[in-house]
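User: Please examine the structure below with me through a series of questions and answers. I would like each answer to set out its reasoning before it arrives at a value or a name.

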Amino acid sequence: MYMPNSVNMGDKFGQVKVMVVQGRRLVIRDFKSSDPYVILKLGNQTAKTKVINSCLNPVWNEEFHFSISEHAQVLKLQVFDKDHFKADDKMGNAHLSLQPLVASARLRKILGVTAEGTTLRKVIPEGDNCLAADSSINWVNGEVVQDVWLRLCDVDSGDIELKIKLINLPSAAPSK
């Protein structure tokens, strides 16, 4: 697993753990199927999943850690079809603003929420994300967690499921 580069420590807010769970209804890029993999980007940090051969509904269950700052808060992903004799084919892209997740973590801290399973916020599909459906941000096992299905853009079909957790948050008061 590739460990992403770290961001400027002066801007560091915490870490985000992103699990690329699965894809569904991905587009065909080879003769009858595709060999998909996902590239994640957060600021100047990049990570890549393994290639799943001949599958349009792949299951990755791969986890990546990124440092987050107040300024690099859009998670971008691209899905590609691995080719051996030519450039890899694009299978779509998506993005998700992490701002609602960070704001929910601050709100939880300010309100002192400790009840397991508390829903901190609901995020709906709109312009600053590629959500396929509404997504809740919850307080689970001492972490701020969001499960999302992202609809891939620039293709006929395809969704990617991610589980996102904020970890190692600072204990200081929220910034201005």
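**Fold and pairing of strands**

Analyst: The protein has 1 helix and 10 strands. The model is a predicted one.

User: In what order do the elements of the protein run from the N terminus on?

Analyst: The elements to be placed are 1 helix and 10 strands. From the N terminus on, the order is β-β-β-β-β-β-α-β-β-β-β.

User: What share of the contacts in the protein with a separation of 6 or more comes from residues 24 or more positions apart?

Analyst: The contacts considered here are those with a separation of 6 or more. Among these, residues 24 or more positions apart account for 60%.

User: How many bridges join strand β9 to β10?

Analyst: Strand β9 covers residues 143-151, and it runs antiparallel to β10. One of the bridge pairs is valine 144 with leucine 166 in β10. The number of bridges joining β9 to β10 is 8.

User: Which residue in β9 is the bridge partner of isoleucine 137?

Analyst: β8 and β9 pair in the antiparallel sense over 4 bridges. In the hairpin of these strands, with 2 residues between them, asparagine 141 takes a positive phi near 50°. The bridge partner of isoleucine 137 in β9 is glutamine 146.

User: Which residue in β8 stands opposite lysine 122?

Analyst: Strand β7 (residues 118-123) and strand β8 (residues 135-140) run antiparallel and are joined by 5 bridges. Opposite lysine 122, in β8, stands serine 136.

**Strand β10 and the core**

User: How many of the 9 residues of β10 are buried?

Analyst: In the protein, buried residues make up 47% of the 176 residues. Strand β10 is mostly covered. Its count of buried residues is 7 of 9.

User: Is aspartate 159 buried or exposed?

Analyst: Aspartate 159 has its place in strand β10, which spans residues 159-167. Its relative accessibility is 0%, and the cut-off for a buried residue is under 20%. Aspartate 159 is therefore classed as buried.

User: Which side chains are joined to that of aspartate 159 by polar contacts of 3.2 Å and 3.0 Å?

Analyst: Leaving aside neighbours within four places in sequence, aspartate 159 is in contact with several residues, among them Gln22, Gly23, Ala132 and Trp149. The polar contact of 3.2 Å joins its side chain to that of arginine 25. The polar contact of 3.0 Å joins its side chain to that of arginine 151.

User: With which side chain does glutamate 161 make a polar contact of 2.6 Å?

Analyst: Glutamate 161 lies in strand β10 and is buried, with a relative accessible area of 11%. Not counting residues up to four places away in sequence, it touches Met19, Val20, Val21, Gln22, Val148 and Trp149. The polar contact of 2.6 Å is with the side chain of glutamine 22.

User: Which residues touch the most other members of the largest nonpolar core?

Analyst: In soluble globular proteins, nonpolar side chains tend to be buried together. The largest nonpolar core here holds 41 residues. Those that touch the most other members are Val16, Leu40, Leu77, Ile160, Leu162 and Ile164.

User: How far apart in space are isoleucine 164 and isoleucine 137, C-alpha to C-alpha?

Analyst: Isoleucine 164 is placed in strand β10 and counts as buried at 0% relative accessibility. Leaving aside neighbours within four places in sequence, its contacts include Val16, Leu75, Leu96, Val144 and Val148. Isoleucine 137 is 27 residues away in sequence. The C-alpha to C-alpha distance between the two is 9.3 Å.

**Aromatic rings**

User: What is the geometry of the aromatic pair formed by tyrosine 37 and phenylalanine 80?

Analyst: A search of the whole structure finds 1 aromatic pair. Tyrosine 37 and phenylalanine 80 form this pair, which is stacked, at 5.7 Å centre to centre and 25° between the planes.

User: How many residues apart are tyrosine 37 and phenylalanine 80?

Analyst: Both residues are buried. Tyrosine 37 belongs to strand β2 (residues 36-42) and phenylalanine 80 to strand β5 (residues 74-81), so that the pair links distant parts of the chain. Their separation is 43 residues.

User: Over which rings do arginine 24 and arginine 108 lie?

Analyst: Arginine 24 is 3.8 Å from the ring centre over whose face it lies, that of tryptophan 149. The charged end of arginine 108 sits 3.9 Å from the centre of its ring, that of tryptophan 139.

Conventions
Residues are numbered from 1 along each chain as its sequence is written. This is a predicted model: local features need pLDDT of at least 70, side-chain atom pairs count only at pLDDT 80 or more; totals for chains, interfaces and linings use all residues. Side-chain values use heavy atoms; hydrogens and water are left out. Rings of Phe, Tyr and Trp (its six-membered ring) pair if their centres lie within 6.5 Å; planes under 30 degrees apart count as stacked, over 60 as edge-to-face and the rest as tilted. Buried means under 20% relative accessible area, exposed over 50%, partly exposed in between (1.4 Å probe, protein chains only). A charge sits over a ring if NZ of Lys or CZ of Arg is within 6 Å of the ring centre and within 35 degrees of the ring normal. A polar contact is a pair of N or O atoms within 3.5 Å; within protein, one must be able to donate a hydrogen and the other to accept it, and residues adjacent in sequence count only if both atoms are side-chain atoms. Contact means heavy atoms within 4.5 Å. Two strands pair if DSSP finds at least two bridges between them. A nonpolar core is a set of buried Ala, Val, Leu, Ile, Met, Phe, Trp, Tyr and Cys residues joined through side-chain atoms within 4.5 Å.
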